[in-house]
Amino acid sequence: MQQSAVPELAHTHTRPIHWVATATAVAGVVALSSVLQPNPATAAQAAGPQVQSQKAPATATAPNPAHVDFPIDCGPVTALVVKKATGDLDGDGRPETVAVVHCDAPMGTPPDGVYVLTQAADANKPRVVATLIDPKDRSTVKTLTVSDATVRADTLGYSSDSVPSCCPDVKTSVKWQWKNGTFLRSTPAGAQSV
């Protein structure tokens with residue numbers, strides 16, 4: 001076997017500093033991607049006779065979660081609305097807003113609360129009318145949608161209090177529908193995994 005004329009290169013052997021640099025770069029990319037998100041997609045549909053008859057009045061707008069005091073205790077930091085979806089959940093012709101809110105913690109992943117907001121036509125400010133997920137449940141909402149008067153969410157949570165906060169071990173898909181004056185929660189069969 002012939003010896004190489006080029007000496008071994010120092011950078012071909014991994015050292016702990018290489019792993020630290022790689023981990024730092026990956027963390028930077030993840031942090032940057034959470035800040036730079038695309039605008040939500042919108043779609044316009046041609047209004048036919050059926051759509052117009054079911055449509056809310058032109059003056060009805062979805063409640064703005066920026067103007068709400070949420071029932072979440074954040075101490076010295078503020079509450080952040082991290083996701084929202086709108087739709088007419090109770091069939092009254094006025095849209096409601098479903099907001100995912102958590103504390104603006106400087107580190108870690110704070111638990112989310114999911115709240116339903118409504119605003120009367122003569123009111124100056126929207127109000128919280130239901131809590132779908134309480135922050136005390138230690139859940140993180142990954143997806144949130146509102147369609148056909150149904151709220152759907154995919155959440156990450158914990159099987160017990162002994163599971164570290166860094167590592168949720170339960171994924172659940174849930175939905176809520178307004179029936180008989182309350183939001184009924186259901187979990188599709190096979191929707192939980194550990």
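Buried here means under 20% relative accessible area, exposed means over 50%, and partly exposed is whatever falls in between. Keep those cut-offs handy for the tour. One more thing before you start clicking: what you have open is a predicted model.

**Stop 1: strand S2**

Select residues 96-103, which make up strand S2. Is this strand enclosed or open to the outside? 8 of its 8 residues are buried, so S2 is largely enclosed by the rest of the structure.

Now show the side chains. In a regular strand they alternate between the two faces of the sheet. Here Glu96, Val98, Val100 and His102 point one way, while Thr97, Ala99, Val101 and Cys103 point the other.

**Stop 2: the sheet around S2**

Add residues 79-87, strand S1, to your selection. S1 and S2 run antiparallel and are joined by 8 bridges. For one of these pairings, pick Thr86: its bridge partner in S2 is Thr97.

Next, bring in strand S3, residues 113-118. It pairs with S2 in the antiparallel sense too, over 5 bridges. Click Ala99 and look across to its bridge partner in S3, Tyr115. Then go back to Thr97, which stands opposite Leu117 in S3.

Finally, add strand S4, residues 127-133. Which order do the strands of this open sheet follow? The 4 strands go S1-S2-S3-S4, with antiparallel pairing. S1 and S4 are the edge strands, each pairing on one side only. Tilt the view and you can look for the turn between neighbouring strands, which is 30° on average, direction ignored.

**Stop 3: the nonpolar cores**

Select Val98, Leu132, Leu144, Val151 and Trp176. In the largest nonpolar core, which has 17 residues, these touch the most other members. S2, S3, S4, strand S5 (140-147), strand S6 (150-157) and strand S7 (170-179) each supply at least two residues of this core.

Centre the view on Leu132. Beyond its neighbours within four places in sequence, Leu132 is in contact with Val98, Val114, Val116, Val151, Trp176, Phe183 and Arg185.

There is also a second, separate core of 9 residues. Select Val68, Phe70, Ala99 and Val101, which are among its members. You have met Ala99 and Val101 already: on S2 they point the other way from Val98.

**Stop 4: Thr155**

Jump to Thr155 in strand S6. Is Thr155 buried or exposed? Its relative accessibility is 6%, so it counts as buried. Show what surrounds it: leaving out residues up to four places away in sequence, Thr155 touches Ile133, Ser139, Thr140, Val141, Lys142, Val170, Lys171 and Thr172.

**Stop 5: the salt bridges**

Side chains of opposite charge can pair when their charged atoms come close. This structure holds 2 salt bridges.

For one of them, select Lys125 and Asp69, whose side chains meet at 3.4 Å, N to O. Lys125 sits in the loop between S3 and S4, and Asp69 in the loop between helix H2 (49-54) and S1, so the pair links distant parts of the chain, 56 residues apart. Lys125 is partly exposed, at 43% relative accessible area, and Asp69 is exposed, at 65%.

For the other, select Arg138 and Asp161, at 3.7 Å, N to O. Arg138 lies in the loop between S4 and S5 and Asp161 in the loop between S6 and S7, so this pair ties together parts that are 23 residues apart in sequence. Why does Arg138 count as partly exposed? Its relative accessibility is 22%, and the partly exposed range lies between the 20% and 50% cut-offs. Asp161 is exposed, with a relative accessible area of 73%.

**Stop 6: the disulfides**

Colour the cysteines. A search of the whole structure finds 2 disulfides.

Zoom in on Cys74 and Cys103, with sulfur atoms 2.1 Å apart. The link is left-handed, at -85° about the S-S bond. Cys74 is in the loop between H2 and S1 and Cys103 in strand S2, 29 residues apart. Both cysteines are buried.

Then move to Cys166 and Cys167, with sulfur atoms 2.4 Å apart. This link is left-handed as well, at -65°. Cys166 counts as exposed at 62% relative accessibility, and Cys167 as partly exposed at 37%. With the bonded cysteines numbered in sequence order, the pairing reads 1-2, 3-4.

Key: Residues numbered from 1 in each chain as written. Predicted model: local features only at pLDDT ≥ 70, side-chain atom pairs only at ≥ 80, totals over all residues. Heavy atoms only, no water. Buried < 20%, exposed > 50% of the residue type's maximum accessible area, 1.4 Å probe, protein only. Pairing = 2+ DSSP bridges. Core = buried A, V, L, I, M, F, W, Y, C linked by side-chain atoms within 4.5 Å. Contact = heavy atoms within 4.5 Å. Axes fitted to C-alpha atoms, helices over the stretch in contact; angles between N-to-C directions. Salt bridge = Lys/Arg side-chain N within 4 Å of Asp/Glu carboxyl O. Disulfide = S-S within 2.5 Å.
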